[in-house]
Amino acid sequence: MTGTIPLQYFLIISTLMFFTGIYGFLTRKNLITMLMSIELILNSVNINFVAFNRYLYPDNLHGHFFSLIVIAVAAAEAAVAIAIIINIYRNFRSIDVDKVDEMKF
Amino acid sequence: MNSEILFFLLSGMIVIFSILTVTSRRILRAAVYLLFVLVSTAGLYFMLNYNFLAAVQLTVYAGGIIVLIIFSILLTSHISERAQMAGKFQGLMSALAVIAGATLTLITILNFSFPGKSGIESPSDVKAIGRALVSYNENGYALPFEVVSILLLAAMIGAIIVARKENLAVKNTKK
């Protein structure tokens, strides 16, 4: 299915996605949108693992299983992060990082 | 030729919708753009012939995490609320840093010749994946599988403990 597409194309896509996620993480103020940027970053890393596995080491499945585990870790992280965000919303009535500054030194 | 058209379609969708995800002012729309990014990524996995991984991507990411994010958006903010962005100086500096990092990485990628290896493709159907996940010889992944299952259990209990209302504590103090 990937006959003439070189490996570099996949790496370029995942690089663009990774740095878009970093830009979102740096500029967003809302905690949920920051979490969405982290999901973008994790997803771009998954693309890298899978593309390397298919192009460079097609005779075993290490990258495939690594990205499966990354997906599981991302799901656990999203669940815990959203629990914390909802708890913060109960206490501060806002989830902007500017207004949640009680622990700020 | 067909696969190239499909690849450029999927990658264009990924890039455009990732940028929209981080720049859209409406949070709910940003979540839906993120859903499009994840579905296109599942399409890339299908192109690479990893069908099981693409199915997991669709069910866990598109079906689970996005629904969780949309629920939490609806719980914490009004539907017409506009997200507040960083100041101009911070936005400019982040854009500069990100563009510099992306340029550096792209130059490195394009100048490195990856050693192409065309071995026999190992089977990646569900039967082979299931066997590999629970076997413990050199191509088995039983240990990471168990570690991830314990992590998921711990995350589930932790999320319930953190997010529940503290009625018990209130009742105890009233006594």
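**Chain A and its contacts with chain B**

In chain A, 47% of the contacts with a separation of 6 or more link residues that sit 24 or more positions apart. The model behind this figure is a predicted one, so a word on confidence is useful. Chain A has a mean pLDDT of 88, with 95% of its residues at 70 or more. Among the elements of this chain, helix α1 (residues 7-27) comes out with the highest mean pLDDT, 93, and helix α3 (residues 62-92) with the lowest, 91.

The make-up of chain A is quick to describe: three helices and zero strands, which read along the sequence as α-α-α. What about its overall form? A compact globule of 105 residues would be expected to have a radius of gyration near 13 Å, but chain A comes in at 18 Å. Along the principal axes, the C-alpha atoms of chain A fill a box of roughly 55 × 25 × 25 Å. Of the 105 residues in the chain, 49% are buried.

Next comes the partner chain. On the chain A side, 66 residues are in contact with 72 residues of chain B. The elements of chain B that give two or more residues to this side are α1 (2-23), α2 (27-47), α3 (51-76), α4 (88-111) and α6 (142-163). Which of them gives the most? That is α3(B), with 13 residues. Sorted by class, the side of chain B that touches chain A holds 47 nonpolar residues, 22 polar ones and just three charged ones.

One helix pair across the two chains can be looked at in detail. The axes of helix α2 (residues 31-56) of chain A and α3(B) come within 11 Å and cross at roughly 170°. Angles over 145 degrees count as roughly antiparallel, and that is why α2(A) and α3(B) are described as roughly antiparallel to each other. From α2(A), the contact is made by A:Ile32, A:Leu35, A:Met36, A:Glu39 and A:Val50, while α3(B) brings in B:Leu53, B:Ile65, B:Ile69, B:Ser72, B:Ile73 and B:Thr76. By class, the residues of this contact split into eight nonpolar, two polar and one charged.

Now for some backbone detail. Most residues other than glycine have a negative phi. Against that background, two residues are worth a look. A:Arg93 is not a glycine, yet has a positive phi of about 60°. A:Arg93 lies in the segment after α3 of chain A. Is A:Arg93 buried or exposed? A:Arg93 counts as exposed, because there are 9 C-beta neighbours inside 10 Å and the cut-off for exposed is 12 or fewer.

The other case is B:Asn49, again not a glycine, with a positive phi of about 75°. B:Asn49 is placed in the loop between α2 and α3 of chain B. With 14 C-beta neighbours inside 10 Å, B:Asn49 counts as partly exposed.

Finally, B:Ala95 belongs to helix α4 of chain B. B:Ala95 is partly exposed too, since 13 other C-beta atoms lie within 10 Å. How far apart are B:Ala95 and B:Phe36 in sequence and in space? The two are 59 residues apart in sequence, and 23 Å separates them in space, C-alpha to C-alpha.

How values were computed: Residues numbered from 1 in each chain as written. Chains lettered and ligands numbered in written order. Predicted model: local features only at pLDDT ≥ 70, side-chain atom pairs only at ≥ 80, totals over all residues. pLDDT = per-residue confidence, 0-100. Helix = DSSP H or I, 4+ residues; strand = E, 2+ residues; numbered from the N terminus. Rg over C-alpha atoms; globule rule 2.2 N^0.38 Å. Buried ≥ 20, exposed ≤ 12 C-beta atoms within 10 Å, placed from the backbone. Contact = placed C-beta atoms within 7 Å. Nonpolar A, V, L, I, M, F, W, Y, C, P; charged D, E, K, R; others polar. Axes fitted to C-alpha atoms, helices over the stretch in contact; angles between N-to-C directions. Parallel < 35°, antiparallel > 145°, perpendicular 65-115°, else oblique.
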